[in-house]
Amino acid sequence: ITYIYILKACGLVRSIEMGEKIEAIVRKQGLLSCDLVLGNALIDMYAKCGSLSKARDVFDWLPLRDVVSWNTLIVGYSHVGLSHEALKCFVRMQNERARPDVVTFTSVLKVCGSIGAIEIGEEINVEVRKQGLIRKEVVVGTSLIDMYAKCGVLHKAAGVFEKLPIKNIASWNVLIVGYAQNGLDKEALKSFRQMQDAGIRPNVITYLCILKVCGNVRCLQIGSDIDVKIRKEGLLKEDLLLGNALIDM
């Protein structure tokens, strides 16, 4: 337990030297071969310190691996921009018949969106539909929407969005931002109105996106309405980005 918490602290402050000392100690004591949680903590520490080669060494050395082991390595690769390595790890995970979970799917979908790997994203879509995860886990549905939007397939992003049983601010934002980033400004404004009609309160991300859209299509009325709202909510004093977005609009 001591080692696990100290490894977590090492990862947070990126103290790889201390983490390496702990690894040497736990290997001497034979703990790494009998405690999977400790092994996962080591992988996570190295990943957070940006040393993915050492994280992979520990991973490969483990006599047993669980879904946490795989997820930790996949997320680690993703965070340092090694997207292709993350996808290779996901493929290997499937080949070794390890069962992905919500964390796996959301992490890999994020990677797919970042590099346009829509084929793997489509495979995940099929799998999560089989498992009924789109209806059970809004975070998976939101990740699918984001992946399709980043790959420029907005009709599929909208299709997943419509199937969500619960649409929260995150899912609305992903769709609206997706439309805006693909130059579909009118669709972004339409979704913004629908979001308000559904009683969902916009947040800073929503406002930043819609103000940019308003500037693009010269829609002063909606931009002025947002100005009034963010002043009422006191957001203009708290967030410089919003002020800059208003000036630009």
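# A tour of the predicted model

Begin with the whole protein shown as a surface: about 13300 Å² is exposed, and carbon and sulfur atoms supply 55% of it, with areas calculated by the Shrake-Rupley method using a 1.4 Å probe and, for residues, only the protein chains shown counting as cover. This is a predicted model, in which local features need pLDDT of at least 70 and side-chain atom pairs pLDDT 80 or more, while totals for chains, interfaces and linings use all residues. Residues are numbered from 1 along each chain as its sequence is written, and side-chain values use heavy atoms, leaving out hydrogens and water.

Switch next to a cartoon view, where the protein shows 17 helices and 0 strands, these being DSSP runs of H or I with at least four residues for helices and of E with at least two for strands, numbered from the N terminus. Along the principal axes, the C-alpha atoms fill a box of roughly 70 × 40 × 25 Å.

Colouring by accessibility comes next: of the 249 residues, 43% are buried, meaning under 20% relative accessible area, with exposed being over 50% and partly exposed in between (1.4 Å probe, protein chains only).

Now select Cys112 and Cys151. Which of the two descriptions, buried or partly exposed, fits Cys112? Cys112 is buried, because its relative accessibility is 0%, whereas Cys151 is partly exposed at 22%. The search of the whole structure finds 0 disulfides, a disulfide being a pair of cysteine sulfur atoms within 2.5 Å. The cysteine sulfur closest to that of Cys112 belongs to Cys151 and is 7.2 Å away, too far for a bond.
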